[in-house]
Amino acid sequence: HAESPHGPSPAPPTPPTHHSLVPPASSWRLTACALIAFALVMGLANAGPLGKVAAQATTKPPSELVEDAIPLTEGSRREIDASEISAYLDPGRSLSIQDILARGGDAFGPLPTPRIDLGYTKAQIWLRIPVRNTSDAPIDRVIVLHARFMHHLEGFKVSDRSPAPQLILQNSASQPFAERALPYRHIAAPLTLEPGESAVIYIGYWSDGASQMPISFETPASFERLAARADVFNAAVYAACFAMIAFTLMAIAVMRWRVHIAYALYFGWVVLFLAHLEGYTFQFLWPDWPRFNAYGSLSIGYGLSFFAILFTREFLKLRNHAPYDDRVGVGLMIGTLLVIGFGAFGDTQFIKRFGFVFNFGTSVFLIASAIISIRHRQPGAVYYFVGWSAIFLATLLSAVTHWIEDTFALSMTNNFIAVAVLFEAMIFTLAINAQVRV
């Protein structure tokens, strides 16, 4: 071909491409695949023995029931193992304590799991806990139900000294915090046993959330230590998060970046979520609004996904680098608001349980968005990926805990979430600083 007198003709420009449209790295595809795989695993798990825990609770014959009373000795605390107690399920939630006593101890069956955990069930669960004071002196105990709230809970003491049931515990969706037996973030009440006294503690409860509820009998001194340790640990977590938020607010005043506003909103919501998880919100923020507290875990939990996506869109600049994935993120944000609205009228228990899978799916989407941003050499994207990886593991652990009965203790899961948030807060601060330096 003859050359142009002005030299060779320039090659036509190559149209720009967006990595978000490349199938292997598309975050919505990764999110969909992860959710499908997770759903299959959860379906198989719930089809197995763990998924039938509630159905097995009353199938053992009376001869196999553990009848020995749990010894409570002077000066020592006692954590209750599931093998030491028995359970009865009331599918209609219609039985009173008198009905339960009329059925007798033979109606109760052993719990087939090491923890007091019957999964997500709509039945009312009745627990039978036989105890005995083996000392020669009266003992004072605090019975602690390591759960922040139940939609309905009643605890009764039936003693060989007084066979009439005595109400010692009560919690419901209409009970203000001030009406609790003890001003504690978890459900707790004092218990006194005379020398040699034997008693049976009956606890009937149901919830729109999980039924896992560890139980311990604390001495007054061990109860104070238990409360103090938890308060110190949680205060340290909240203080670290507030420090990050304060730093961000000062940055907002100086630089007025939208990403700092999104970061402050996200971590403010994270602190609210952690405080609600441990029962502090009902104790200190809305003690007179028990019905709102019952609904709060749903709205606060889904709000995590909303503000996490909001921060990610601003920090990773998805509108510029991955517009298609940005639209997916907007769709997920709208989805969270719709689900929160449906929660006020639909099956609250299912929506709460689904929320753990939804948050896990959101974390997969955000991890995939971080990978795309790393390919674009987005400043701070590597820090974001490292920080969000901790939250990814936390959401995975939380989803498994709430979908497969008797896998992990809720207390361990909650502590892991708190540590992951601390790690994320530090890494995200480095990520924002990396963007500021550019």
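Is Arg319 buried, partly exposed or exposed, and what is its relative accessibility? I started my notebook here, and I found that Arg319 has 37% relative accessibility, so it counts as partly exposed. A reminder to myself before going on: this is a predicted model.

**Entry 1: the partner of Arg319**

I looked up what Arg319 pairs with, and it forms a salt bridge with Glu314. The closest N and O atoms of this pair are 3.3 Å apart. I then checked Glu314, which counts as buried because its relative accessibility is 13%, under the 20% cut-off.

**Entry 2: other salt bridges**

I noted the general idea first: side chains of opposite charge can pair when their charged atoms come close. I got a count of ten salt bridges for this model.

I went to Asp326 next and found a salt bridge with Arg313, with 2.6 Å between the closest N and O atoms. This pair links distant parts of the chain, as Asp326 sits in helix α9 (residues 323-343) and Arg313 in helix α7 (residues 290-315), 13 residues apart. Asp326 and Arg313 are both buried.

I also looked at Glu84, which forms a salt bridge with Arg78. Here the closest N and O atoms are 2.8 Å apart. Glu84 has a relative accessible area of 18%, so I wrote it down as buried. Arg78, at 23% relative accessibility, counts as partly exposed.

One more item for this page: Arg77, Glu79 and Glu218 are linked in a network of salt bridges.

**Entry 3: helices α10 and α11**

Which way does α10 run relative to α11, roughly parallel or roughly antiparallel? I looked up the axes of helix α10 (residues 348-375) and α11, which come within 9 Å and cross at roughly 160°. That angle is over 145 degrees, so α10 is roughly antiparallel to α11. I added the handedness too: α10 passes α11 in a left-handed crossing.

**Entry 4: a nonpolar patch**

Which residues make the nonpolar surface patch of about 400 Å²? I listed Ile374, Val382, Val386, Phe423 and Met426. The elements giving two or more residues to this patch are α11 (381-403) and α12 (410-437).

I picked Met426 for a second look and placed it in helix α12. Its relative accessible area is 47%, so Met426 is partly exposed.

**Where I stopped**

I have two things to look at again on screen. One is the buried pair of Asp326 and Arg313. The other is α11, which crosses α10 and also gives residues to the nonpolar patch.

Terms used: Residues numbered from 1 in each chain as written. Predicted model: local features only at pLDDT ≥ 70, side-chain atom pairs only at ≥ 80, totals over all residues. Heavy atoms only, no water. Patch = residues over 30% accessible without salt bridge, like charges linked within 9 Å, V, L, I, M, F, W, Y side chains within 5 Å. Areas by Shrake-Rupley, 256 points an atom, 1.4 Å probe, with all protein chains shown as cover. Salt bridge = Lys/Arg side-chain N within 4 Å of Asp/Glu carboxyl O. Helix = DSSP H or I, 4+ residues; strand = E, 2+ residues; numbered from the N terminus. Buried < 20%, exposed > 50% of the residue type's maximum accessible area, 1.4 Å probe, protein only. Axes fitted to C-alpha atoms, helices over the stretch in contact; angles between N-to-C directions. Parallel < 35°, antiparallel > 145°, perpendicular 65-115°, else oblique. Left-handed = near helix turned anticlockwise from the far one by under 90°.
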